[in-house]
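This report looks at charged side chains that pair with one another, and at how far the residues involved are open to the surroundings. Please keep the sequence and the model in view while reading.

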Amino acid sequence: MVKKYQPYVIDISGYFMGDANIWDNLNASHFEGEFYRETYDQIVRIIRGETEERYFDTVNFFNPQRQGFEKDMERKFDIEYGLEFFKLLLGKDDKIALNVLDKLYSYAPEDERVRQYVEAVVSAP
């Protein structure tokens, strides 16, 4: 079926967490807002013909110019807990670690520990 129709696939849910603060009458919970913005941005690129890719499995983390970055910075986020959580996830080789590091970068870009982790991740092959 996939070969016949060649669908576009956006497979980024593994990078995001559920957000208990986002509820509506139809759904018990939602992913965090970044998931929806990133999915939307990828759909726009497809519609505008900006890419020939058909499978999307990467996320635009660590980009202060991305849509919603300033809004994301307004949320409360415990930097120390975030660093510990990041290290735990990194040790388990969990993709969510990138999400947590991206949040740390949003809230504490001046923190030397955060900068070192971001530089290591961004420069990794």
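Buried means under 20% relative accessible area and exposed means over 50%, with partly exposed in between. By that scale E84, at 49% relative accessibility, counts as partly exposed, because its value does not pass the 50% cut-off. The model discussed here is predicted, and it holds seven salt bridges.

E84 has K87 as a salt-bridge partner, and K87 is likewise partly exposed, with a relative accessible area of 39%. Both residues belong to helix 4, which covers residues 79–91, and they sit three residues apart, about one turn of the helix.

A pair with the same spacing of three residues, about one turn, occurs in helix 6 (residues 112–123), where E112 and R115 both lie. E112 is partly exposed at a relative accessible area of 41%, and R115 is also partly exposed, its value being 34%. Elsewhere, salt bridges that share partners join E80, D111 and R113 into one network.

R48, in turn, forms a salt bridge with E50, and with 63% relative accessibility R48 counts as exposed, because that value is over 50%.

The table gives the separation of the closest N and O atoms for three of these salt bridges.

| Salt bridge | Closest N and O atoms |
|---|---|
| R48 and E50 | 3.9 Å apart |
| K87 and E84 | 3.6 Å apart |
| E112 and R115 | 2.3 Å apart |

Key: Residues are numbered from 1 along each chain as its sequence is written. This is a predicted model: local features need pLDDT of at least 70, side-chain atom pairs count only at pLDDT 80 or more; totals for chains, interfaces and linings use all residues. Side-chain values use heavy atoms; hydrogens and water are left out. A salt bridge is a side-chain nitrogen of Lys or Arg within 4 Å of a carboxyl oxygen of Asp or Glu. Buried means under 20% relative accessible area, exposed over 50%, partly exposed in between (1.4 Å probe, protein chains only). Helices (H or I, at least four residues) and strands (E, at least two) are DSSP runs, numbered from the N terminus.
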